[in-house]
Amino acid sequence: MTDSVFAATSTNKGLSSSEVLRLQQQYGPNSLEEKRVSLVKKMLGYFWGPIPWMIEIAAILSAAVRHWPDFFIIVALLIFNAGVGFWQEYTAGNAMDALKKELAQKARVLRDGVWGVIDAAGLVPGDIIRVRLGDVVPADGRIIEGDYLSVDQSALTGESLPVTKNRKEDIFSGTIVKQGEVVAEVTAIGKDTRFGKTAGLVEQAKTVSHFQQAVLTIGDYLIYVSLFLVTILILVQLHRHQPWIDLIQFALILTVASIPVAMPAVLSMTMAVGAMVLSRKKAIVTRLESIEEMASMDILCSDKTGTLTKNKLTLGDIKVFAARDDQEVLLMAAMASREEDKDAIDEAIFQGLLDKSTLQSYRQINFIPFDPVHKRTEATVQNDEGGTFQVSKGAPQVIMELANLNETDRDRAGRVVDDFAGAGYRALSVAVKKEKEEQWTFLGILSLFDPPREDSAETIVQAEKYGVHVKMVTGDNQAIARQIAGKLNLGTTILKSEILPVSGQQKNIDINIGEEIEQAEGFAEVFPEHKFSIVKILQKRDHITGMTGDGVNDAPALKQADVGIAVSGATDAARAAADLVLTSPGLSVIITAIEEARRIFERMNAYAIYRVSETIRIMFFVVLAMVFFNFYPITAIMIILLAFLNDIPIMTIAYDHTGLEQNPVRWDMHQVISVATAMGIVGVLGSFGMLLIAIDWLHLDVAQVQTYVFLKMAVAGHLVLFVARTKEHFWKRPWPAPIMIWSAAITKFAATLLAAYGFGFITPITWQEIALIWAYSIGSSMVTDQVKVMVYRHLQHDTRIHHNFVRKLSQSFSPRRFRRRNAKTFKEIKKKHGYH
């Protein structure tokens, strides 16, 4: 059954390489056929929908009145929008495909007499595979070796309880191993598996994150505002007996230019770019929207072993009970292990053996692996003379119970375990049951130490600086947890799991327990169901909670958490449930992910402010100018050209350099609308000022005024993007990314040349007038920037007043003293802190 230092227990050598090649050609890959839409069909899809319809109708109207320049530019806009959307989706799709390849499911397979690990997609019928605790079964198969397997078939059959599978019974692809370890022969792969046959009937639902909902809400708001203003415009102009075809065409183009056509592309591109950055830093995103949740995360519950510590156990002292010496305790512990499983505890045991060749005299004929319920391994071993005996290693309290120790030995063992724990060592007990004996013999206790990672303490300090409180979660006892927490400067408020409610008890949680959990620095003796409880309680107390995990039983907690993080070496089941999969050990990658998430949040926040302010600036100015001055301040073709020139730089916001917020960020719609509205109003006033200069001072005709307004909107629109991207003055660090500067510079240069020479599309104006527009636009952007900073400072001042008020109020009005306080005191506090 194994290929370890013990003799082989099976003569089956698996398939040969030539057989595998033949079967792969016959059956194909072990994967479900993914329905892929052809590139042509995808491209054509961008010409169908409300926005394309508006542009297409405008093009038809232009052709109807023989405005051919307008027609060709409108068609160019339609193709441009489709091309940009297609390219962004294609790029984001390629990025996600690359990430999925890194997370490809693995399988342990026996081929040419050697066990190895391959991508599950490479399995063929007849392959010999091994599955164990935490694995997702990679293909349908029949058990040929091993006593039993407990599998969760809920995803396939809906059964809520695990099902036990014995030898010669079938196991199915996609089910999760809860207990046991077996060898099986693959009977079906891909679409021929039970899972493959039912997968076509299941469609996975897609959820929209809180941040996406906020951005889409802004999009809807802009659409409604645009349609309202366009309706007013149409009614007024029809009253003035304007040609209805020209009016409808202009209204359609103005609407298209004002609503956020590029929003889905900007959103997906920003997320995809962030995901690729994280993948290069050893963190693979499985759900793009989780990046946004990470920006808001304020509590991170972290596993101790392998995340805060090295997960490289070293052997410490050995306390002998019934064994002859230390080496006998280690020898029996090694027989209750499997070296090829690369388990950290087992590796430490094998490294401690002075003479490994001793193991060649023994053969494992049965092995029961560790599981979280029984907390021990057990093996039946045969020696050279044919005699058999059983060995077991595991948690001291479990092995002590198994060996039924007398009171003296039990007390001694308890003291040894406590002494080890006090020094930060993990204890592991070993017992043997000889042939024809009914009683287990307690051989001794090993000590193992898993030291903290060198970067853990520094990473925790960094997390705290970012407003993320780290809580340690471990299955170890309270003494070990406190010892490690002390070394990491986490604090020593470590709660035992007994305080935590389990499934079905969360509804009636005492408020004091909730506060204790909120204030604790860690939790000890935790089972997976306790992790789920911790997450639920913290979420109910309005915390955005992250949870790390690696085991199959961690999957519910990872799924429940706002940000589920599968740590390095996690099982397939944990990785499938997680939002973020770490491929390198430690917490430092999570800090990188938090930083990147907050940068993405800032980019999206800047985009939202820019988009709202631009809609206000363009829509209100154009509509009001037409109502009061009774002429088109800008032509339909100019609006199309503006859409071209504005969409290119905005795409580069995905690569922008942004500031890094030191505290968790949440979507503040009031702030976005306030800042964007203030910037938009300044823009409208600035545009009217420019219009009056053109009419009353320069005495330009209508065609020249339109070119004048066009260039002003093109130049000022790009400058608004640079103003919106930061809360401080736009000339302060961090400066924009080079790609953002160059894209804006090139498009502004193109707009300037167009205004100077016309090229048959618009009426040209002089270079002196162009210089005036540039100077006016730069001055206007400085005013806009000053107003923006003032609004931000006003909002921050209000926030500080609010926080101080709440703090003082909570200090003055504790629940016990509230009724004894009178209304006068309440009014005094309000007055003092600016609430009137």
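Phe620 lies in helix 22, helices being DSSP runs of H or I with at least four residues, and strands runs of E with at least two, both numbered from the N terminus. At 31% relative accessibility, Phe620 counts as partly exposed, because that class lies between buried, under 20% relative accessible area, and exposed, over 50%, with a 1.4 Å probe and protein chains only. Before I continue, a word on the source. This is a predicted model, in which local features need pLDDT of at least 70 and side-chain atom pairs count only at pLDDT 80 or more, while totals for chains, interfaces and linings use all residues. Residues are numbered from 1 along each chain as its sequence is written, and side-chain values use heavy atoms, with hydrogens and water left out.

Phe620 belongs to a nonpolar surface patch of about 440 Å², together with Leu624, Phe628, Phe629 and Leu692. Patches take residues with over 30% relative accessible area and no salt bridge, joining like charges within 9 Å and nonpolar side chains (Val, Leu, Ile, Met, Phe, Trp, Tyr) within 5 Å. A salt bridge here is a side-chain nitrogen of Lys or Arg within 4 Å of a carboxyl oxygen of Asp or Glu. Helix 22 gives the most to this patch, with four residues.

What does helix 22 pack on? Let me first describe the sheet concerned. It is an open sheet of eight strands in the order 9-22-21-20-10-17-19-18, with mixed pairing; two strands pair if DSSP finds at least two bridges between them. Strand 9 (283–285) and strand 18 (494–496) are at the edges with a single partner strand each, so one side of each has no neighbour in the sheet. From one strand to the next, the twist averages 20 degrees. Angles run from 0 to 180 degrees between N-to-C directions, with axes fitted to C-alpha atoms, for helices over the stretch in contact.

Within this sheet, strand 10 (residues 299–303) and strand 17 (residues 469–473) pair in the parallel sense over five bridges. Cys301 has Lys471 of strand 17 as its bridge partner. Helix 19 (residues 528–540) packs on the sheet, touching strands 10, 17, 19 (522–524) and 20 (545–549), and its direction makes about 170 degrees with that of strand 20. Contact means heavy atoms within 4.5 Å. Helix 22 (residues 588–629) also packs on this sheet, touching strands 9, 10, 20, 21 (563–566) and 22 (580–582), at about 145 degrees to the direction of strand 22.

I turn to the other sheet. This open sheet has six strands in the order 11-16-15-14-13-12, with antiparallel pairing. Its edges are strand 11 (314–320) and strand 12 (362–368), each with a single partner strand, so one side of each is left without a neighbour in the sheet. Strand 15 (residues 426–433) and strand 16 (residues 441–449) pair over seven bridges in the antiparallel sense, and Ala431 stands opposite Phe442 in strand 16. Helix 14 (residues 396–403) packs on the sheet and touches strand 13 (376–383), strand 14 (388–394), strand 15 and strand 16.

Where do the buried residues of helix 17 pack? In helix 17 (residues 478–487), the buried residues are Gln478, Ile480, Ala481, Gln483, Ile484 and Ala485. They pack against helix 11 (304–308), helix 15 (407–422) and strands 15, 17, 18 and 19. Just after helix 17, Asn489 takes a positive phi of about 60 degrees.

Finally, the whole protein chain: its secondary structure comes to 28 helices and 22 strands, and buried residues make up 53% of its 836 residues.

Definitions and conventions
Areas by Shrake-Rupley, 256 points an atom, 1.4 Å probe, with all protein chains shown as cover.
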